[in-house]
Amino acid sequence: MKKIYYLLLLVFPFVLQSCLKEEEDLFDGTPSERMEEALANYKKVLSSSENGWLMEYYAETNQSYGGYNFAMQFTTSNVKAYFELADPTTSMESLYQLVADDGPVLTFDTYNPFLHYFSDPSSSMPDAFEGDYEFKLMGLSDDQSEIYLKGKRSGNKMVLKKLTETPEQYLTKVAAVREAFDAPSYAMTIGGSEVDCSIADNVLTFSYPGDNEEIVSETVAFCYTDKGIHLYEEISINGTPVTEFLLQNGNMVADEVSVVLSTVFPPINELFVTGKWYIAYSTLGAFAKPYYDVVKQYEDAIGETLQIAYMGLSLYGSGKFGFNLISSGYGGFLGFDYALEGENKITLQFNMTGEGDGVWYHNNAGFNYALVPFGYNSARTFTLIADNPKSPTQITLTEDANPNNVITLFANQVAYPFNN
């Protein structure tokens, strides 16, 4: 036994030395040398793309602000950034670094208004949007067309994808998709059945009956792309994985599971009573202009100038609908009752109420005449036509009983209506 024991003692050091030698040969260079080599390779790849790189960026650990596109072009020291929320042709340039910090890290360590949009704190938002400006470099795809990242602060996984067109070209396409799918609200169908759905700040939330009729709820952030929307992470709908929706005929469609996201626009008469629609003298019809001529005479007589007049929600925040005015800095509201019929008809009548200085201007400054074309002593019914049903910039009211009473109102503020 002693001889065997001695023999093992003699053999074991040689075995150990052999194993150590093999492990040493697995790596070339010291850890610091390997890190320098990795950083140099990342820099070479970053600066090699003529068109730059696309990043679908997500701030905050739960991606609660949704995803937004950045396009970046790198030299060996500078980065030129483009941002989805800015003009596609506008870029901001700053420095960047690749550093060793528990692994290779890409850091945008000099201020860039675009790249620090989600991480730059303010007095009202001391944590900003809890976004990242430093990213752990997690690896490259085999063809080096993708660089995998992880936000140091948020932990969100992101990817730099090599662009095959200029940042301006790509972000212009994204803006077109975003505009085509912009709406006040949205609807969703799964296999032809409508389900609860909402989209806010590039975050999709929906619920549908699952197995045994239990309600399945999903919330997932997304980025707009040049073809539709791309989800932050894969979700399962009825057992089928979904990562993107493609824009088809104004809808976002995931064909593999027959899921359709569609836009919903309120009827034009609902838009009219929930917005602000500004009056311009030049677009009043033959019936309305003489009444406004009287208002102008009163204004001149009391030495005031009408600055703003609009039909819509009260400027005092009461949620009431009616005629609003600002004259030489004084404001007033005069209330209207209304009834909606179908999608494009409305009946209006002054209801003898006011807020602010509205009653004074009604009784003393001739503004009772301003109300007549809309319905004063008796109700008037109008047909409404918008220049753009999805996002109108103007609405034309034509009284059903009086074709000469035509009034075009504007979504954008009209200052000094008698001069416009």
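Q: Which residues does Glu-234 touch, not counting those up to four places away in sequence?
A: Glu-234 touches Pro-241, Val-242 and Thr-243. In this predicted model, a contact calls for heavy atoms within 4.5 Å, and those three partners pass that test.

Q: Where is Glu-234 found, and what separates the C-alpha atoms of Glu-234 and Glu-244?
A: Glu-234 sits in strand β14, which covers residues 228–237. Glu-244 comes ten residues away along the chain, and the two C-alpha atoms are 8.4 Å apart.

Q: Why is Glu-234 called exposed?
A: The cut-off for exposed is over 50% relative accessible area. Glu-234 has 55%, so it counts as exposed.

Q: Why is Glu-165 called buried?
A: Buried means under 20%. Glu-165 comes in at 16%, so buried is the right label.

Q: What is Glu-165 in contact with, leaving aside its neighbours within four places in sequence?
A: The partners of Glu-165 are Asn-51, Tyr-170, Lys-173 and Asp-226. Take Asn-51: it is 114 residues from Glu-165 in sequence, yet the C-alpha atoms are 5.9 Å apart in space. As for its place in the fold, Glu-165 is in the loop between β9 (157–162) and α3 (167–180).

Q: What makes Glu-60 buried?
A: Its relative accessible area is 11%, and the limit is under 20%, so Glu-60 is buried. You'll find Glu-60 in the loop between β1 (53–58) and β2 (67–74).

Q: What is notable about the phi of Glu-60?
A: Phi of Glu-60 is near 70°, a positive value in a residue that isn't glycine. Glu-130 is another non-glycine with a positive phi, at about 55°.

Q: Where is Glu-130, and why does Glu-130 count as partly exposed?
A: Look in the loop between β6 (104–107) and β7 (134–140) for Glu-130. Its relative accessibility is 32%, which falls between the 20% and 50% cut-offs, so Glu-130 is partly exposed.

Q: Why does Gln-307 count as partly exposed?
A: Gln-307 has 23% relative accessibility, and buried would need a value under 20%, so partly exposed is the label. Gln-307 belongs to strand β19 (residues 306–313).

Q: Which residues does Gln-307 touch, not counting those up to four places away in sequence?
A: Two stretches of numbering show up: Ile-326, Ser-327, Ser-328 and Gly-329, plus Val-414, Ala-415, Tyr-416 and Pro-417. As for Tyr-330, it is 23 residues from Gln-307 in sequence and 9.4 Å away in space, C-alpha to C-alpha.

Q: Why is Asn-351 called partly exposed?
A: Asn-351 has a relative accessible area of 22%, and buried stops at 20%, so it lands in the partly exposed class. Asn-351 is in strand β22 (residues 345–356) and touches Gly-335, Phe-336 and Asp-337, leaving out residues up to four places away in sequence.

Q: How far apart in space are Asn-351 and Ser-327?
A: They are 22 Å apart, C-alpha to C-alpha, with their positions 24 residues apart in sequence.

Q: Which residues have the most contacts inside the largest nonpolar core?
A: They are Phe-272, Phe-323, Phe-336, Leu-348, Phe-367, Phe-374 and Leu-409, in a core of 35 residues. Apart from that core lies another, of 33 residues, including Tyr-170, Tyr-208, Met-252 and Ala-254.

Q: What is Phe-367 in contact with, leaving aside its neighbours within four places in sequence?
A: Phe-367 contacts Val-295, Glu-299, Leu-306, Phe-323, Leu-325, Tyr-361 and His-362.

Q: How many helices and strands does the chain have, and how do you know whether it is spread out or compact?
A: The count is seven helices and 25 strands. The radius of gyration is 32 Å, while the globule rule gives 22 Å for 420 residues; the chain is well over that, so it is more spread out than a compact globule. Its C-alpha trace spans about 120 × 55 × 40 Å along the principal axes.

Q: What share of the 420 residues count as buried?
A: For the chain, 41% of the residues do. The accessible surface comes to about 21800 Å², with 51% of it belonging to carbon and sulfur atoms.

Technical notes: Residues numbered from 1 in each chain as written. Predicted model: local features only at pLDDT ≥ 70, side-chain atom pairs only at ≥ 80, totals over all residues. Heavy atoms only, no water. Helix = DSSP H or I, 4+ residues; strand = E, 2+ residues; numbered from the N terminus. Rg over C-alpha atoms; globule rule 2.2 N^0.38 Å. Buried < 20%, exposed > 50% of the residue type's maximum accessible area, 1.4 Å probe, protein only. Areas by Shrake-Rupley, 256 points an atom, 1.4 Å probe, with all protein chains shown as cover. Core = buried A, V, L, I, M, F, W, Y, C linked by side-chain atoms within 4.5 Å.
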